Amino acid sequence: MSDDFAALCANEPELAGLRASVRTFLAADRDEFGWQPTVDAWLSSWDEEFSARLGDAGFLGLTIPREYGGHGLSHLHRYVVTEELLAAGAPVAAHWIADRQVAPGLLAYGTEEQRQRLLPRIAAGRYFSAIGMSEPQAGSDLAASVAKATRTDGGWLLSGTKVWTSGAHLAHQIVVLARTSPVDPQRRHAGFSQFIVPTDAEPNRGSLRSCPPDGLTISPIVMMSGEHHFNEVTFDEVFVSDANVLGEIGAGWHQVTAELSFERSGPERILSTAPLLTALVRLLATQDDLDDHAAAAVGDLLARIISLRQLSVSVARALAAGQSPVNEAALVKDLGTRFEQESVELAADLFTYVASGAPGRERVAALLDIARLHSPLFTLRGGTNEVLRGVVARGMGLR
């Protein structure tokens with residue numbers, strides 16, 4: 001195997017050993033606690049006890065330094081663990097955003113007090129965060145955001161509305177992007193800052209917050225299926241202390257851009273439908289009447305996911321090297337989420353080859369139904385594909 005190709009596989013001996021350990025943990029945990037693999041688990045499967053067990057097993061906070069309760073490992077180690085969790089369809093939503101985005105943000109821009117206060121709890125799988133970026137009138141165009149923070153004694157007064165805020169009703173905090181200076185038409189990206197907004201002192205398990213801070217309202221956005229992951233969050237002069245400013249005032253755009261590299265490039269952008277595809281391919285292998293069309297479709301599916309995985313691994317290696325691969329991350333998200341959407345319809349086509357009454361058919365049918373419900377979200381969250389293509393174009397000097 002050439003060195004160039006090996007670099008895209010993430011199979012070095014240390015990583016392979018970690019991968020085997022995660023698989024052993026997941027098999028044992030599923031047998032004991034009975035959770036079922038599902039599609040889009042990183043958004044929809046909130047299980048705080050699972051997150052705590054994962055933290056106790058040493059599979060969270062991998063990139064957090066040991067002095068803050070983590071393991072001091074690389075982004076490649078975290079990539080391997082993340083990939084195995086997604087492939088297994090494990091219930092990871094509770095800790096997902098805190099471990100993926102908030103921890104790197106704290107390490108890069110947080111104060112020492114913030115790191116000491118928050119990072120050990122994130123690494124333990126016992127601290128959960130939401131991200132407040134999108135707004136009703138702005139969508140994926142973050143530069144059009146109008147939420148603002150105004151200086152006051154000892155801190156800031158935050159006002160505005162954020163939408164599609166995953167997990168805000170259960171999280172301990174929301175990291176909010178807001179304007180701290182007036183809009184400059186010539187520099188739309190200037191004047192933003194980030195704030196850590198606690199949702200209350202203790203999490204109110206399984207329901208909306210009973211005692212949010214004054215001025216904070218979290219309203220559910222319920223999907224047609226009845227699922228509740230998203231929220232609209234309104235801030236009406238919510239006080240945020242200076243101790244909860246993340247990074248520098250006015251540097252929010254730079255900070256968010258770097259943060260989005262972690263959000264957009266991970267394997268969750270190509271593996272949201274993995275539990276469905278794995279179960280379907282295994283079921284198809286038991287069928288006797290597959291034709292050349294079905295075989296070619298499965299081959300195409302695997303070829304695409306392998307190439308996308310290699311692209312995603314390359315971004316993880318860049319992050320591990322201390323680089324900021326903003327354009328590459330946007331490309332992973334664009335190509336990966338389009339693949340995820342298309343894989344649902346391809347799976348539906350291949351499902352017609354499964355005989356009625358075949359063992360495992362009902363389980364695959366249920367996963368396919370879930371995937372269809374979630375499919376429209378794939379190319380929206382984390383930035384629409386149209387916005388991402390603009391990011392890539394600018395990075396190439398095309399606009």
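Let's start with R115, which is buried at a relative accessible area of 18%. With the cut-off for buried at under 20%, that value puts R115 in the buried class. Keep in mind that we're looking at a predicted model here. R115 sits in helix 7, the stretch from 112 to 123.

So what does R115 touch, once you leave out residues up to four places away in sequence? You get Y68, L106, L107, A108, G110 and P120. Take Y68 from that list: Y68 and R115 are 47 residues apart along the chain, and their C-alpha atoms are separated by 7.0 Å. Then there's L106, where the backbone oxygen lies 3.0 Å from a polar atom of the R115 side chain.

Okay, zooming out for a second. The chain has 399 residues, and 54% of them are buried. In secondary structure, we have 13 helices and eight strands. And if you take the contacts with a separation of 6 or more, 75% of them are between residues 24 or more positions apart.

Now for a couple of histidines. H229 is in strand 7, residues 228-241. Buried or exposed, at 8% relative accessibility? H229 counts as buried. Its side chain makes a polar contact of 3.0 Å with the side chain of E227. Setting aside residues up to four places away in sequence, the H229 neighbours include L43, S44, T165, I221, M223 and H374. H169 is another residue that H229 touches, and that takes us to the second histidine.

H169 is in the loop that runs between strand 3, 155-162, and strand 4, 173-179. H169 is buried, with a relative accessible area of 8%. Which side chain does the side chain of H169 make a polar contact with? That's N231, at 3.1 Å. There's also S219, 50 residues away from H169 along the chain, with 8.0 Å between the two C-alpha atoms.

Right, on to helix packing. Two packed helices are described by the angle between their axes and the distance between the axes. I've got two pairs to show you.

The first pair is helix 5, residues 75-87, with helix 6, residues 93-109. They pack at about 155°, and their axes are 13 Å apart. The cut-off for roughly antiparallel is over 145 degrees, so helix 5 and helix 6 are roughly antiparallel to each other. The crossing of helix 5 past helix 6 is left-handed. If you want to find the contact on screen, look for R78, T82 and L86 on helix 5, meeting W96, D99 and R100 on helix 6. By class, that contact has two nonpolar residues, one polar and three charged.

The second pair is helix 11, residues 326-351, with helix 12, residues 361-374. Here the packing angle is about 150°, with the axes 10 Å apart. That makes helix 11 roughly antiparallel to helix 12. The crossing of helix 11 past helix 12 is left-handed. From helix 11 we have V344, E345, A347, A348 and F351, and they meet R361, V364, A365, L368, A371 and R372 in helix 12. And how do the residues of that contact divide by class? Eight are nonpolar, none polar, and three charged.

One last pointer before you go clicking around: H374, one of the residues touched by H229, falls within the residue range of helix 12, 361-374.

Methods. Residues are numbered from 1 along each chain as its sequence is written. This is a predicted model: local features need pLDDT of at least 70, side-chain atom pairs count only at pLDDT 80 or more; totals for chains, interfaces and linings use all residues. Side-chain values use heavy atoms; hydrogens and water are left out. Axes are lines fitted to C-alpha atoms, for helices over the stretch in contact, and angles run from 0 to 180 degrees between N-to-C directions. Helices (H or I, at least four residues) and strands (E, at least two) are DSSP runs, numbered from the N terminus. Angles under 35 degrees count as roughly parallel, over 145 as roughly antiparallel, 65 to 115 as roughly perpendicular and the rest as oblique. A crossing is left-handed if the near helix is turned anticlockwise from the far one by less than a right angle, and right-handed if clockwise. Contact means heavy atoms within 4.5 Å. Ala, Val, Leu, Ile, Met, Phe, Trp, Tyr, Cys and Pro count as nonpolar, Asp, Glu, Lys and Arg as charged, and the others, Gly among them, as polar. Buried means under 20% relative accessible area, exposed over 50%, partly exposed in between (1.4 Å probe, protein chains only). A polar contact is a pair of N or O atoms within 3.5 Å; within protein, one must be able to donate a hydrogen and the other to accept it, and residues adjacent in sequence count only if both atoms are side-chain atoms.
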